[in-house]
Amino acid sequence: MHQLRGMPPVPGPPTRDRASAEFTTRIPLAWTSGVSLRAGRVVLGGSPWEVTLLPQAVRPFARKMFAADRAGLTATTPEEQDAAVFLLDHGIADPLPIADRAVNDVEVVVPVYRDAEALENCLASLQAEGLPVIVVDDASPKPDATRIKRIAAKHGAKLIVHKVNGGPGEARTTGFQATSAPFVAFIDSDAIASPDWVARLRPLFDDPLIGAVGPRVRPDLRGTSSIELYEETRSELDMGPDPSRVMIGAAAGWLPTASAIVRRAAVTDPPFEPGMRVGEDVDLFWRMHEAGWTVRYAPDVVNFHRVRTSLKDFAIRRAMYGGSAAELEMRHPGHLIPARPSLSGLAVVAALSTRHPWIAAGIAGYEFARQRRILGREVPAMVAAEMTARSLWSDAFWMGHLLRRDWWPVGWAVLAATPKSRLARGVAASMMWEPVRDHLLRPTRLGPVQSLALRMVDDASYGTGVIRNAIRKRVPNVVTPRVRFPSWPKKLDS
């Protein structure tokens, strides 16, 4: 069991057995978007991302599911149930949200501070499902508190008022402790709920190992300011279009409690670390995962969250998110290391930057041989070649990511040195390639210059928060990358 700073350990989930797999005959399952199948037996992707050689017994159902794509299907035999569980537990498949029943075992908690107008819109959106709602006023000033009280009464919500402001985590904890239902939905007061978001997500808990589920949280655009148009495709709360299990190393590395549903039996009391004002939701879901629960991100369901349009607010909020890294690293050692590039990848970038392509080719050849040996002969050579390219690209990506975010002062110095240094130009290319590629694949309605400028502000603001708290709390891990040395494997993996 995982225990941190006096927090009680998260209770473990039930054992996966035949009875616990029965839900796969009722809930439609789909092949997870972004996951590839090669030669009918090798999977690239999942959560966490990995190369998986499917067991013989799993392959027929996997091929059937891959052909069905996002249409979904259910298991019809015990063998298919076992295969379905394997695919779900590896993040290769995901359950499809469907509203197939009335919901009467979920209560909703809404923390609020000051913003009565946003609360009005949030509570109005929640009325569609008619679920019990608890509003926790986190010690708002008197004029705001009066309005909040009136709005809560208007919408039939129970109101709890804090005397002292404790932050959103403590407000959610107060609301959670006032509920009794087996499932509790959290939603921010400045969020707008889809009319059936709880009804669609609740059936996913038929899998008894699922401890929490969250929908996609898109920005609620009310205008065309630069920040809004940037957030439209770059929101920190938007985990993207692909479903995922929530864990370090997965497409969705965390789940925001701006909109999420938790199983009461899968959380501690209190659920959120007392006194932790930022990152408390990340901590909760990581503790659940570490205890053995599955936390799922289900982007087929979408809620919306208000966008703060001021550049100052934008930068402060990003820095606040970055500031949580040190706290989280103290609670989950090793999870917040900013980059883990291999020496091979760094050497390739250096060789190409200094115009030594044959050295880069030699390193790539060595990495290909390593991949062949690691993956084994049953995995096609083309997959080993693809993994070699992915691995080297990932190293360049993480070096660029590090220099844009956690080491942004160094990165900006590299950009300034590009007119005089060939190596600096190569490193700068690795820094800027991902933002440029991202803009081309997911273009904002901003022009490229403005979009990329905001991306640099975004990354630098987050990195400033990381650096500041790393120094204050003496947590060097969050700014210290770990370089991996690619040794020759001693034997084939089975």
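**Helix packing and nonpolar cores in a predicted model**

Helix 13 and helix 14 cross in a left-handed sense, meaning that the near helix is turned anticlockwise from the far one by less than a right angle. This is a predicted model, in which local features need pLDDT of at least 70, side-chain atom pairs count only at pLDDT 80 or more, and totals for chains, interfaces and linings use all residues. Residues are numbered from 1 along each chain as its sequence is written, and side-chain values use heavy atoms, with hydrogens and water left out.

Helix 13 (residues 408-417) packs on helix 14 (residues 422-441) at an angle of about 125°, their axes lying 8 Å apart. Helix 13 is therefore oblique to helix 14, since angles under 35 degrees count as roughly parallel, over 145 as roughly antiparallel, 65 to 115 as roughly perpendicular and the rest as oblique. Residues in contact (heavy atoms within 4.5 Å) include Gly-411 and Leu-415 of helix 13 and Val-427 and Met-431 of helix 14.

The largest nonpolar core, a set of buried Ala, Val, Leu, Ile, Met, Phe, Trp, Tyr and Cys residues joined through side-chain atoms within 4.5 Å, has 33 residues. Buried means under 20% relative accessible area, with a 1.4 Å probe and protein chains only. Val-110, Leu-126, Val-135, Ile-187 and Trp-197 touch the most other members. Helix 3 gives the most to this core, with 5 residues. A second, separate core of 22 residues includes Met-239 and Phe-285.

Just after helix 2, Gly-91 adopts a positive phi of about 70°.

Note on methods. Helices (H or I, at least four residues) and strands (E, at least two) are DSSP runs, numbered from the N terminus. Buried means under 20% relative accessible area, exposed over 50%, partly exposed in between (1.4 Å probe, protein chains only). Axes are lines fitted to C-alpha atoms, for helices over the stretch in contact, and angles run from 0 to 180 degrees between N-to-C directions.
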